[in-house]
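Welcome! Here is a short briefing to help you find your way around a structure that may be new to you. Take a look at it first, and then we will walk through it topic by topic.

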Amino acid sequence: MPGKVHVSDDKELPKQFGPDYDLESAALKNFRRMARKGLSHLSAEDRRAYGAAVEVAVLARQRAFLKSHTVPEPRPVCASGTWYTTGEEIHAAIRRQHRAALAAAPGVERRARTPDQWRSMYAAAMAEKRGRTTTPKFRKRFRPHYHAPKPAPATKPAMTSRQLAAHKAWETRRRQAAK
């Protein structure tokens with residue numbers, strides 16, 4: 001059999017495990033040339049790059065196959081980009097899109113920064129921190145665990161519980177008499 005390797009009379013092993021992709025790209029040709037003696041002769045970074053190149057090529061092949069075998073769905077002609085027809089649904093869809101865009105904005109801004117920008121921002125923050133003359137309010141003087149905290153000054157209550165009950169009764173009688 002052409003695609004099998006004969007092991008014994010009752011067993012045959014497939015020649016290749018997994019799907020057979022006939023992939024060609026410039027990156028794959030380069031890596032295949034580098035890996036002629038085997039993948040063990042490549043560095044770890046080269047093996048990772050080779051795997052990434054294979055993944056990109058496989059995904060491109062799958063995308064092309066899917067695109068050629070499916071019927072594209074027509075695009076909606078609505079400002080929200082959805083098929084909703086009522087005002088409330090369209091409004092809700094646009095609000096969801098705005099909320100998602102606002103949530104993603106910090107990540108987009110952070111990814112756009114270069115390492116030099118990050119370093120300069122860090123240096124500016126540290127210079128500002130060193131330039132402060134007062135310590136922040138949340139920092140307290142170090143107090144070892146074996147020192148007991150200072151007791152709060154004893155305050156005398158304004159009224160005892162008995163006086164408070166009598167005062168409430170007097171207030172109630174006064175309000176009833178005023179009616």
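Searching the whole structure, which is a predicted model, turns up one aromatic pair. A good place to begin is with that pair, and from there we can move on to its surroundings, to other spots along the chain and to the overall picture.

**The aromatic pair**
- A pair of aromatic rings is described by the distance of the centres and the angle of the planes.
- Here the partners are Phe31 and Tyr50: their ring centres are 5.5 Å apart and their planes meet at 25°, so this pair counts as stacked, the cut-off for stacking being under 30 degrees.
- The two rings bring together distant parts of the chain, since Phe31 belongs to helix 1 (residues 26-34) and Tyr50 to helix 2 (residues 44-69), with their positions 19 residues apart.
- Are these two residues buried or exposed? Both Phe31 and Tyr50 are buried.
- Setting aside residues up to four places away in sequence, Tyr50 touches Leu28, Phe31, Arg32 and Leu39.

**The nonpolar core**
- Phe31 and Tyr50 also turn up in the largest nonpolar core, which has seven residues; the others are Leu23, Leu28, Ala53, Ala57 and Val58.
- Helix 1 and helix 2 are the elements that each give two or more residues to this core.
- Which element provides the largest share of the core? That is helix 2, with four residues.

**A charge over a ring**
- Further along the chain, look for Arg113 and Trp118: the charged end of Arg113 sits over the ring of Trp118, 4.9 Å from the ring centre.

**A buried serine in a loop**
- Ser80 is found in the loop that runs between helix 2 and helix 3 (87-112).
- Why does Ser80 count as buried? Its relative accessibility is 4%, and buried means under 20%.
- Apart from neighbours within four places in sequence, Ser80 has contacts with Ile90, Ala93, Ile94 and Gln97.

**The whole protein**
- The protein contains five helices and two strands, and reading along the sequence gives the pattern β-β-α-α-α-α-α.
- Out of its 179 residues, 8% count as buried.
- Among contacts in the protein with a separation of 6 or more, 21% are between residues 24 or more positions apart.
- The accessible surface of the protein is about 16800 Å², and carbon and sulfur atoms account for 59% of that surface.

Conventions:
Residues numbered from 1 in each chain as written. Predicted model: local features only at pLDDT ≥ 70, side-chain atom pairs only at ≥ 80, totals over all residues. Heavy atoms only, no water. Phe/Tyr/Trp six-rings, centres within 6.5 Å; stacked < 30°, edge-to-face > 60°. Buried < 20%, exposed > 50% of the residue type's maximum accessible area, 1.4 Å probe, protein only. Lys NZ or Arg CZ within 6 Å of the ring centre and 35° of its normal. Core = buried A, V, L, I, M, F, W, Y, C linked by side-chain atoms within 4.5 Å. Contact = heavy atoms within 4.5 Å. Areas by Shrake-Rupley, 256 points an atom, 1.4 Å probe, with all protein chains shown as cover.
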